[in-house]
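Morning, everyone. Let's look at one chain together, confidence to begin with and pockets after that.

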Amino acid sequence: MKFLEYTPLARIDAFLRSVNLGDSLLKGTVEAYSCKVAGIDKKLSRSLEQEVLDYLAVLPFNMSVSPVGPLSSLASRRTLIHLILTLTHMYPDYDFSEIRPHHFSKERLCSVQLKIENYLLETAKVWATEFGEDTHLLDCIWSSIDEVTELEDCDVYSYMPGFEGDPFAERGTIWSFNYFFYNWKLKRIVYFSCRCVSKLAMDDDSTCEIVSDNDADFISSMDMEELM
């Protein structure tokens, strides 16, 4: 997998990283990758392939159908591996080896576009304030993704977090989405993720961290006094 540098997409990604929405904060990212596997990815790809085959071996034949297609098909397994490799590149500090096909779902493009546009209504207003009313965030997003992956030829998948240590399991999350726009002909994939987090929950977490640090300092000072 190779990160694809594309200026319009990079501009959107930089904006979405942190958007102040009043009582909440939007944290988003959108990046493009080539699905040509090489180097470390090739080794990981082989490992994932073997895990899928082992998983398939214990399933009844009629259970081999998955959101990415029948796991008995090499093309379907490669799709699954590309989705997992993309997450691995996006979040290198997390382990996605426990992901299974049921963590993904195949979606209709028009439905996904509608959901994203509804979620980003307030974010689009912030964009217009910063960059001017003549540039529309959603138009920029779809045109940029289209230039990279040719949307009409893409398979769209959503990722549904559900394992311990997941990077999306942030306290105070109001809503979130994780989508992959995958063009297997071009061997390209765009990952688009956003989550809206309550500032109140973030403040509570910060307070807890401060209290915890103070407690640790207090205990440390008590230990020192005992030693003296």
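What follows is a short walk through confidence and then two pockets.

This is a predicted model, where local features need pLDDT of at least 70, side-chain atom pairs count only at pLDDT 80 or more, and totals for chains, interfaces and linings use all residues. Residues are numbered from 1 along each chain as its sequence is written, and side-chain values use heavy atoms, with hydrogens and water left out.

Confidence. The chain averages a pLDDT (the predictor's confidence in each residue, from 0 to 100) of 85. At least 70 is reached by 85% of the residues. Helices (H or I, at least four residues) and strands (E, at least two) are DSSP runs, numbered from the N terminus. Helix 4, residues 109-119, scores highest, at a mean of 97. Helix 7, residues 199-227, is lowest, at 57. Over residues 207-212, pLDDT stays under 50. Those residues have 0 contacts (heavy atoms within 4.5 Å) beyond four places in sequence. Where pLDDT is low, don't read the predicted coordinates in detail.

Now the pockets. On a 1 Å grid over the protein atoms alone, where a 1.4 Å probe fits, a pocket is an open set of points with protein on both sides within 12 Å along at least five of seven lines; lining residues have an atom within 4 Å of a point. Twenty residues line the largest pocket. Ala75, Arg78, Thr79, His82 and Tyr182 lie nearest its centre. Which helix gives the most to this lining? Helix 3, with 6 residues.

The second largest pocket has Arg17, Met90 and Ser193 among its lining residues. Strand 3 gives the largest share there, 3 residues.
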